[in-house]
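Here are my notes on this one, jotted down while going through the coordinates. Have the viewer open as you read.

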Amino acid sequence: MGVAPGSKAERKAALDAGAWMFNVVTSVGIIMVNKALMATHGFSFATTLTGLHFLTTTLMTSVMKWLGYIQPSYLPLPELVKFVFFANLSIVGMNVSLMWNSVGFYQIAKLCIIPVLCFLEILFDKVRYSRDTKLSIMLVLVGVAVCTVTDVSVNSQGLIAAIIAVWSTALQQHYVHHLQRKYSLGSFNLLGHTAPAQAVSLLIFGPFVDLWLTDKRVDTFDYTMVVTFFIVLSCIIAVGTNLSQFICIGRFTAVSFQVLGHMKTILVLTLGFFFFGKEGLNFHVALGMTIAVIGMIWYGNASSKPGGKERQVYIPISEKTQKHGILSSQSELDLKV
């Protein structure tokens with residue numbers, strides 16, 4: 001019997017690593033495709049494109065439901081409306097923040113998501129962090145700031161956009177974890193509820209938001225074969241990105257997802273230097289990358305130790321085992337499918 005816990009822990013570690021790699025590959029892939037689409041081919045309609053991403057995701061979840069892979073589940077309408085509001089505000093807020101702010105300030109704003117998520121977890125989930133966990137998070141933030149933040153200029157409208165973007169993103173990611181736990185929803189189930197609502201709302205309002213941001217109309221754009229190919233490719237990869245975000249937040253927490261997310265920043269930088277030449281790679285970028293990676297390894301160790309990050313909830317033992325059973329079987333289902 002002594003072997004079972006070890007093999008179970010190994011299986012969990014393997015599935016965690018798989019979920020994380022799935023997220024990294026799809027996220028880095030979509031960044032590269034969207035870069036080609038927007039920078040090279042001038043398709044700058046980010047909000048409408050996100051609407052198309054969710055439309056494709058809706059088609060995928062509909063097929064999965066039809067094939068019987070996704071079981072019927074329940075999510076109350078007020079919860080869905082709240083989630084879609086935060087999620088869409090996060091998408092528009094990030095796009096506006098990038099447009100109104102310097103790249104440096106935009107990066108700093110993105111780094112602020114972690115402290116806000118920690119605050120939400122302490123406030124709503126009664127989570128307590130050990131000193132090592134707090135320090136490791138700070139080290140990650142310092143490292144990423146050193147290698148990504150260059151010019152930092154702030155203006156009042158950009159600051160307001162950044163604050164809205166940071167809070168709505170943090171609330172959306174915290175909400176993913178909250179809804180999965182509260183309603184025992186798997187990643188596919190939750191996407192099945194949220195993707196159609198986000199697709200409809202973003203495809204209705206997206207073209208107007210993009211017109212306001214870019215002064216260009218999405219319907220008058222010159223759609224060449226290459227642009228259409230990149231849009232379709234972006235939509236296909238986005239299904240994986242959306243799904244992997246929900247799987248990762250469900251398996252870890254929103255804070256861990258963000259900390260690991262900065263690993264993608266480092267990876268994108270490294271791939272950029274690898275594929276697009278060494279310009280921009282200097283001592284302080286290399287130093288920042290090193291600090292961030294050390295911080296991430298430290299965070300992984302510190303947060304997984306007993307007391308590193310624990311939720312203070314007192315549940316009767318019978319209820320505890322029951323809940324644990326639902327969650328573990330649900331998270332296994334996420335990766336089996």
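The points below go from the overall fold to single residue pairs.

1. **What we are looking at.** First, the caveat: this is a predicted model. The chain has 12 helices and two strands. Starting at the N terminus, the order of elements is α-α-α-α-α-β-α-α-α-α-α-α-β-α, so you can step through them in the viewer with that string at hand.

2. **Overall packing.** Of the 337 residues in the chain, 47% are buried. Among contacts with a separation of 6 or more, 88% are between residues 24 or more positions apart. The accessible surface is about 17300 Å², and carbon and sulfur atoms hold 71% of that.

3. **Helix 2.** This one has 22 residues (46-67), which at 1.5 Å a residue should span 32 Å, and its end C-alpha atoms are indeed 32 Å apart. Just after helix 2 comes G68, with a positive phi of about 90°.

4. **Helix 9.** Which span does helix 9 show from its first C-alpha to its last? Its 27 residues reach 39 Å, close to the 39 Å expected at 1.5 Å a residue. Helix 9 is also mostly covered, with 19 of the 27 residues buried. One residue to click on is I247, found in this helix; I247 counts as buried because its relative accessibility is 2%, under the 20% limit. I247 and D16 are 231 residues apart in sequence, yet their C-alpha atoms are 9.3 Å apart in space.

5. **The R251–D16 salt bridge.** The structure holds seven salt bridges, and I'd look at this one before the others. The side chains of R251 and D16 meet at 2.7 Å, N to O. This pair links distant parts of the chain, with R251 in helix 9 (residues 225-251) and D16 in helix 1 (residues 3-40), 235 residues apart. Are these two partners buried or exposed? Both R251 and D16 are buried.

6. **A salt bridge within one helix.** E79 forms a salt bridge with K82, their closest N and O atoms being 3.9 Å apart. Both sit in helix 3 (residues 77-100), three residues apart, or about one turn of the helix. An α-helix has 3.6 residues a turn, so residues three or four places apart point the same way. Their surroundings are unlike: E79 is buried at 7% relative accessibility, whereas K82 is partly exposed at 42%.

7. **R131–D132, and a network.** D132 forms a salt bridge with R131, again with 3.9 Å between the closest N and O atoms. R131 is exposed, with a relative accessible area of 64%, and D132 is partly exposed at 28%. Elsewhere, salt bridges that share partners join K12, D16 and R251 into one network.

8. **Nonpolar cores.** Which members of the largest nonpolar core touch the most other members? In this core of 65 residues they are F83, I114, L117, I137, L190, V255 and V259. Taking L117 and leaving aside neighbours within four places in sequence, its contacts are A170, Q173, H174, A254, V255 and Q258. There is a second, separate core of 15 residues, including A36, L37, F221 and A238.

9. **Aromatic pairs.** The count comes to 12 aromatic pairs. In one of them, the rings of F119 and W167 have centres 6.2 Å apart and planes at 80°; that is over the 60 degree limit, so the pair is edge-to-face. Because F119 lies in helix 5 (residues 113-124) and W167 in helix 7 (residues 156-182), the pair ties together parts 48 residues apart in sequence. F119 is partly exposed, with a relative accessible area of 44%, and W167 is partly exposed too, at 36%.

10. **An aromatic cluster.** Ring pairs also link F83, F85, F86, Y175 and F246 into a cluster. Select F83 while you are there: this residue is also one of those touching the most other members of the largest nonpolar core.

Notes: Residues are numbered from 1 along each chain as its sequence is written. This is a predicted model: local features need pLDDT of at least 70, side-chain atom pairs count only at pLDDT 80 or more; totals for chains, interfaces and linings use all residues. Side-chain values use heavy atoms; hydrogens and water are left out. Helices (H or I, at least four residues) and strands (E, at least two) are DSSP runs, numbered from the N terminus. Buried means under 20% relative accessible area, exposed over 50%, partly exposed in between (1.4 Å probe, protein chains only). Contact means heavy atoms within 4.5 Å. Accessible areas come from the Shrake-Rupley method with a 1.4 Å probe; for residues, only the protein chains shown count as cover. A salt bridge is a side-chain nitrogen of Lys or Arg within 4 Å of a carboxyl oxygen of Asp or Glu. The expected span of a helix is 1.5 Å times one less than its number of residues. A nonpolar core is a set of buried Ala, Val, Leu, Ile, Met, Phe, Trp, Tyr and Cys residues joined through side-chain atoms within 4.5 Å. Rings of Phe, Tyr and Trp (its six-membered ring) pair if their centres lie within 6.5 Å; planes under 30 degrees apart count as stacked, over 60 as edge-to-face and the rest as tilted.
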